[in-house]
Amino acid sequence: MNLEQNIKKIRADFPQLGISINNHPLVYLDNAATTLKPKVVIDAITHYYSFEVANVHRGIHTLSEVGTRHFEETRVAVQHLLNAREAYEVIYTKGTTDSVNLLAQCFGKKFLKPGDEILLSLMEHHSNIVPWQMIAEVTGAKVVVIPINAAGEIDLVEYKKLLNSKTKMVSITHVSNTLGTVNPVNEMITLAHSVGAKVCIDAAQSIAHMKIDVQAMDCDFLIFSAHKMYGPDGLGFLYGKEDLLNEMPPFEGGGSMISEVTFEKTTYNVLPNKFEAGTPAISGIIAFKKAIEYVLELGLDNIKTRELELLDYATSEIKKISGIRIIGEAKEKSGVLSFVLEGAHPHDLGTLLDKQGIAIRTGHHCTQPLLKHYQCSAAARASFAFYNTKEEIDIFIAGLKKARDFLL
Ligand code: PLP
């Protein structure tokens, strides 16, 4: 589909794009934090709560069977989205953060011992740092940091030097939520495998913006959140290779994840249920299939092209504003533009833009070690989705100039 030609129709699919904030039409440039939801997703949630409420995997009545079928259809849709070998290699979680916690705990208990090393890059989101620190503390393993260069790209020479027989896990982001850098994950996975390490790819910022093929990448694990891809919040995914998921112990105990329970000993269910204790986010899971269908209908290649055009335009326009320093100038970037305005606090900028109806993110973006590296404690960030337009970027740039004139 040609997104430019259909932009009016596409924007009309997102009710929130029609609202006003502070008496200005909303310009939503905070898509890396969370994306807006198309009507098909909202309708699917409403439909479930209006007519199809039932728990899954638990009843033989019609509603439970229908619900379970829809619930499992989303798993198959995610399998196809990722090109996973099997649907049961897709585990439902509460989000990317929950997926990393699951992985760190379960992988760690099975595979990590004192002296082992977990490699993380300097640009990781806190959610891909803290869970690994927590399991390192318990197991005696060590977190080792892969440095980045001035442009905000992973230093591959240093990365190669850090890999060794003690490296058990490399957990890296596909796209940095602060820098926008697209990391060379294929090469990094091959290198990690050459020393026997496993690799987890944090796809929170890539899943909605480019094609992903876990078999071609050969990653061992991949994680993302539904809300970053036009879907509901409170829902995420962990893809894992079947043999590794089978070897790992379960995460949480409770209903659904068991095979048989006695007070003496409990045996666990097969994949994927082994990792899915309790009643899941049924409405969101069912609705997320609509988000996947919506994105695939637009085409991930078309989305990528459009968002890069928006990024290029915004980058060239923002560079014309004196005093702006862009944080993250990698050769390969996704639609994320972080910056600081010398002499102005990002929060003040964010507040003044909000008064003009423009939503951007300000703060540390859950990447404190990274911002420290860039010698700032906070930055402003505009992040783009396919429904944004050049006109919105013009409004953003004009708003930024107005804010600068007010503040400096
Ligand atoms: N990883 C990256 C790169 C992110 O951008 C985010 C969220 O911003 C996360 C992980 C955490 O995602 P969630 O808050 O949905 O668990």
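Modeller: A polar contact is a pair of N or O atoms within 3.5 Å; within protein, one must be able to donate a hydrogen and the other to accept it, and neighbours in sequence count only through two side-chain atoms. This model is predicted: local features need pLDDT of at least 70 and side-chain atom pairs 80 or more, while totals for chains, interfaces and linings use all residues. Numbering starts from 1 along each chain, and side-chain values use heavy atoms, without hydrogens or water.

Biologist: Which side chain has an N or O atom 2.5 Å from a ligand oxygen?

Modeller: Let's go round the ligand. A ligand oxygen is 3.4 Å from a polar backbone atom of Thr 96, and one is 2.7 Å from a side-chain N or O of His 227. The 2.5 Å distance belongs to the side chain of Lys 228.

Biologist: How much of the ligand's exposed area does the protein bury?

Modeller: Alone, the ligand exposes 390 Å² (Shrake-Rupley method, 1.4 Å probe). Of that area, the protein buries 85%.

Biologist: Thr 96 again: in α4, is Thr 96 buried or exposed?

Modeller: Helix α4 (a DSSP run of H or I, at least four residues) covers residues 96–111. Buried means under 20% relative accessible area, exposed over 50%, partly exposed in between (1.4 Å probe, protein chains only). Along with Leu 102 and Phe 107, among others, Thr 96 is buried.

Biologist: Why does Gln 79 count as buried?

Modeller: Gln 79 sits in helix α3. Its contacts (heavy atoms within 4.5 Å) include Ala 84 and Val 90. Gln 79 counts as buried because its relative accessible area is 11%.

Notes: Helix = DSSP H or I, 4+ residues; strand = E, 2+ residues; numbered from the N terminus. Expected span 1.5 Å × (residues − 1). Lists of a residue's contacts leave out its neighbours within four places in sequence.
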